[in-house]
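Trainee: I'm new to this one. Could you take me through a single part of it closely, the open sheet and whatever packs around it?

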Amino acid sequence: MKSLVLIAILGCLSLHAEAEITIHFLGTGGPEITKDRQGVATLIEVPGNKFLFDAGRGVLQRMGESRINLPAVKNVFFTHLHSDHIEGLPSLWMTSWFITKRNAPMHFWGPPGTQKMIDGLHAFMSHDVVARVNPVVKPSGIRTMVTEVTKGIVFKDDKTRITAIPAEHGDGNPALGYLFEHQGRSILLTGDSTYTPTFGKMVKKVDITICNVYAPSLALLENLDEFDEPIPTVVRAVSKKLASPEQAAQLFIETGAKIGVFTHNIFYDSTPEDIKERVRKAGFRGRVHIATDREYVILAREISVHQPEPVPDDLEINSLNFKDVLKNN
Ligand SMILES: [Zn+2]
């Protein structure tokens, strides 16, 4: 009996010694309206802390469906200020405050312009910021801190370091990617970016590179002039600011990724298999995964991809039950 207990304790110790990081792909779409993909939002959880990267449409809904501990989401990093990366923020900031009684301020990091955007958020919600305060919904939870960043280390504690890297996103510039490092493991989020050598110069070896993809088929691209406007103009313009499968492959290779994961997926006339095939043909030999909403990836001894847990038909997270329904981590 004693030896069984010892084995159990040793088992626990070895698990704790291994860095464990969970990446929740809450929303995996771009601005397009699709059946299954909400706007882009990626949450990285480590023991004792959570870091949200972008807050696209539906982020609060997806967090609720995945039982994320909403009041614990206080650190948000924006890759850039295009609408599809920020339009979920009003509900995340406001609703998680008064429903879950979040009483700590949220801290936002992002490129120049982020302070102005957050000032606008306060103006947009100026009625509720005052009206919803009561003895349990405290003003402290609606306060905000903003740090505008351009490049270099933007967050550091004794286990986690986050570095901003300039991305190339055309009319979305200034745009950033973020390198997330935690106890020897690393994740690069390119944000919205076409190919730029900057990522490969700054990052030589990561566990996972998470990249956007814009995937009109090669047949469509080769025959663009045969299509009526606005198709040729739109496709050429967007191709200059997002990554094709071939450009993503180059980013995966240059950043030394073990796994390349796609989010902010814009398929057009391609299938996920078409995209993977183009990445392989472009020379990336690692594993390629195309994320779907609420999937999550665990980085422990191994890297594993997990399907979302089902959402009950009667899901309702409210002011009375949130402590029972949300995960307590
Ligand atoms: Zn976008």
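Mentor: Let's start with how far to trust the model, then go to the sheet and its surroundings.

This is a predicted model, so local features need pLDDT of at least 70, side-chain atom pairs count only at pLDDT 80 or more, and totals for chains, interfaces and linings use all residues. Residues are numbered from 1 along each chain as its sequence is written. The pLDDT, which is the predictor's confidence in each residue from 0 to 100, averages 94 for the protein, and 94% of the residues score at least 70. Over residues 1-17, though, the pLDDT is below 50, and that stretch has 0 contacts in the model beyond near neighbours in sequence; a contact here means two C-beta atoms, placed from the backbone, within 7 Å. Where pLDDT is low, the predicted coordinates should not be read in detail.

Now the sheet. The protein has 12 helices and 15 strands, taken as DSSP runs (helices: H or I, at least four residues; strands: E, at least two) and numbered from the N terminus. The open sheet takes 7 of those strands, in the order 7-8-9-10-11-12-13, with mixed pairing; strands pair if DSSP finds at least two bridges between them. At the edges sit strand 7 (152-156) and strand 13 (287-290), each pairing on one side only. On average, neighbouring strands in this sheet are turned by 20° against each other, direction ignored.

Look at the strand 7 edge: strand 7 and strand 8 (residues 160-166) run antiparallel, joined by 4 bridges. Lysine 156, for instance, has arginine 161 in strand 8 as its bridge partner.

Next, find helix 10 (residues 245-254), which packs on the sheet and touches strand 11 (206-214) and strand 12 (257-266). Its direction makes about 165° with that of strand 11, using lines fitted to C-alpha atoms (for helices, over the stretch in contact) and N-to-C directions, on a scale from 0 to 180 degrees.

Finally, the largest nonpolar core has 73 residues, and Tyr178, Ile187 and Ala248 have the most contacts inside it. Such a core is a set of buried Ala, Val, Leu, Ile, Met, Phe, Trp, Tyr and Cys residues joined through C-beta atoms within 7 Å, where buried means 20 or more other C-beta atoms within 10 Å of a residue's own. Strand 11 gives this core its largest share, 6 residues. Alanine 248 touches Cys211, Val213, Ala243, Gly260, Phe262 and Val279, leaving aside residues up to four places away in sequence.

Key
A residue is buried if 20 or more other C-beta atoms lie within 10 Å of its own, exposed if 12 or fewer, and partly exposed in between; C-beta atoms are placed from the backbone.
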